[in-house]
Amino acid sequence: MTADRKAPVLWLTGLSGAGKSTLAAALVRSLAKEYPVELLDGDEIRAELSKELSFSKEDRDRNVRRIGYVARLLARNGVAVVAAAISPYAQTRGEVRAAMVREGLPFFEVYLHAELATLIQRDTKGLYKKALKGEIKNFTGISDPYEAPENPEVLVHSDRENVAVAVERVLALLVERRLLASA
Ligand code: ADX
């Protein structure tokens, strides 16, 4: 038996350091008022479900498809999902979206955009420095592609917009779609 209310999937995409995990945590707190909710974070999924995967295109696609699959299992049973993974390839994100839509699951792509220069300057994990020195190969945005979403449901300029504002904009959309009673 499936739950009578299908739950939303919020898919956060963007470069490393763009603020996906921070926004995701805030969205989880808000959704938790009205749904059971799970966070599917790229770093954690890679530690648990995708341990053997590299950062090649094939393996990133595998990782993203796995996250999409788990998100679908949860959402169809009434559990809201916030997924946060770089998910750099447009076609693969499109596949994830299409699978959700086929099941009538409300899917929202949230694109966190920040200037690369700002991410390099912030470099919270110290990864950009290593990538620029060539110590990490195939690093997204430096030596590996990121295909920006063309029509995300929400575009967040995370280098100019604070988290609270971004959260409000996402929640307002969910309220508008009658997926939340209040933001
Ligand atoms: S994805 O491309 O498969 O969607 P995912 O979000 O799971 O990526 O993992 C990204 C995280 O892995 C980054 O935030 C960073 O901490 C780490 N990482 C390690 N190597 C790389 C790399 N080559 N490119 C991007 N991120 C990397």
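The following dialogue concerns the ligand and its surroundings in a predicted model.

Trainee: What makes the approach of Ser 16 to an oxygen atom of the ligand a polar contact?

Mentor: A polar side-chain atom of Ser 16 lies 3.2 Å from that oxygen atom. The cut-off for a pair of N or O atoms is 3.5 Å, so the pair qualifies.

Trainee: Which backbone atoms lie by a nitrogen atom of the ligand, and how do you know that they count as polar contacts?

Mentor: A polar backbone atom of Lys 137 is 3.3 Å from a nitrogen atom of the ligand, and one of Asn 138 is 2.7 Å from a nitrogen atom of the ligand. Both distances fall within 3.5 Å, and therefore both pairs count. Taken alone, the ligand exposes 560 Å², of which the protein buries 90%.

Trainee: Why is the ligand said to sit in the largest pocket?

Mentor: The ligand is assigned to that pocket because more than half of its atoms lie within 2 Å of the pocket's grid points. The pocket has a volume of about 560 Å³. Its lining comprises 30 residues, with Ser 16, Lys 20, Asp 43, Ile 86 and Lys 125 nearest its centre. Helices α1 (20–31), α2 and α3 each give two or more residues to this lining.

Trainee: What makes a residue part of the shell around the ligand, and how many residues are there?

Mentor: A heavy atom within 4 Å of the ligand suffices, and 19 residues therefore surround the ligand. The closest are Arg 46, Arg 60, Asn 63, Ser 87 and Asn 138. By class, the shell holds eight nonpolar, six polar and five charged residues.

Technical notes
Residues are numbered from 1 along each chain as its sequence is written. This is a predicted model: local features need pLDDT of at least 70, side-chain atom pairs count only at pLDDT 80 or more; totals for chains, interfaces and linings use all residues. Side-chain values use heavy atoms; hydrogens and water are left out. A polar contact is a pair of N or O atoms within 3.5 Å; within protein, one must be able to donate a hydrogen and the other to accept it, and residues adjacent in sequence count only if both atoms are side-chain atoms. Accessible areas come from the Shrake-Rupley method with a 1.4 Å probe; for residues, only the protein chains shown count as cover. On a 1 Å grid over the protein atoms alone, a cavity is a set of points where a 1.4 Å probe fits but cannot get out, and a pocket is an open set with protein on both sides within 12 Å along at least five of seven lines; lining residues have an atom within 4 Å of a point. Ala, Val, Leu, Ile, Met, Phe, Trp, Tyr, Cys and Pro count as nonpolar, Asp, Glu, Lys and Arg as charged, and the others, Gly among them, as polar. Grid points are joined across faces, edges and corners, and a volume is the space filled by probe spheres set on the points. Helices (H or I, at least four residues) and strands (E, at least two) are DSSP runs, numbered from the N terminus.
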